[in-house]
Amino acid sequence: MGEQWGFCKRCQWWQIEPSAKIGDATMGLCIDENLQPYRLLVSGNSGCNRFMKGPPAQAEGSSSHPPTASPSR
Ligand code: SF4
């Protein structure tokens with residue numbers, strides 16, 4: 001488990017719409033395995049200590065209320 005706190009916009013568990021640009025106000029689904037049951041919608045400027053550095057995943061429906069996309073990784 002990652003113990004380093006980091007921003008969603010730099011986390012590989014952040015999943016955004018395919019057309020979305022990475023930014024502080026961009027909303028996306030957190031697909032961290034432990035957080036998936038919560039369907040957590042988070043902004044690029046959000047963060048937590050499950051952070052894993054990497055590019056975001058992409059899937060349609062990642063920013064819906066609630067998110068309708070399945071985790072793509
Ligand atoms: S909530 Fe945590 S694990 Fe999920 S995308 Fe943001 S930093 Fe990554």
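Let's start with S63: not counting residues up to four places away in sequence, S63 touches I16, E17, A20, M27 and G28, where contact means C-beta atoms, placed from the backbone, within 7 Å. This is a predicted model, in which local features need pLDDT of at least 70, side-chain atom pairs count only at pLDDT 80 or more, and totals for chains, interfaces and linings use all residues. Residues are numbered from 1 along each chain as its sequence is written.

Is S63 buried or exposed? S63 counts as partly exposed because it has 19 C-beta neighbours inside 10 Å; 20 or more others within 10 Å would make a residue buried, and 12 or fewer exposed. S63 lies in the segment after β6 (57–58); strands here are DSSP E runs of at least two residues, numbered from the N terminus.

Now to the sheet. Four strands form an open sheet in the order β4-β3-β2-β6, with mixed pairing; to pair, two strands need at least two DSSP bridges. β4 (41–43) and β6 stand at the edges with a single partner strand each, so one side of each has no neighbour in the sheet. β2 and β3 run antiparallel, joined by two bridges, and W14 stands opposite C30 in β3.

C30 also brings us to the core. The largest nonpolar core, a set of buried Ala, Val, Leu, Ile, Met, Phe, Trp, Tyr and Cys residues joined through C-beta atoms within 7 Å, has 13 residues, and W13, W14 and C30 are among those touching the most other members. β2 (14–16) and β3 (27–30) each supply at least two residues of this core.

How values were computed
Two residues are in contact if their C-beta atoms, placed from the backbone, lie within 7 Å.
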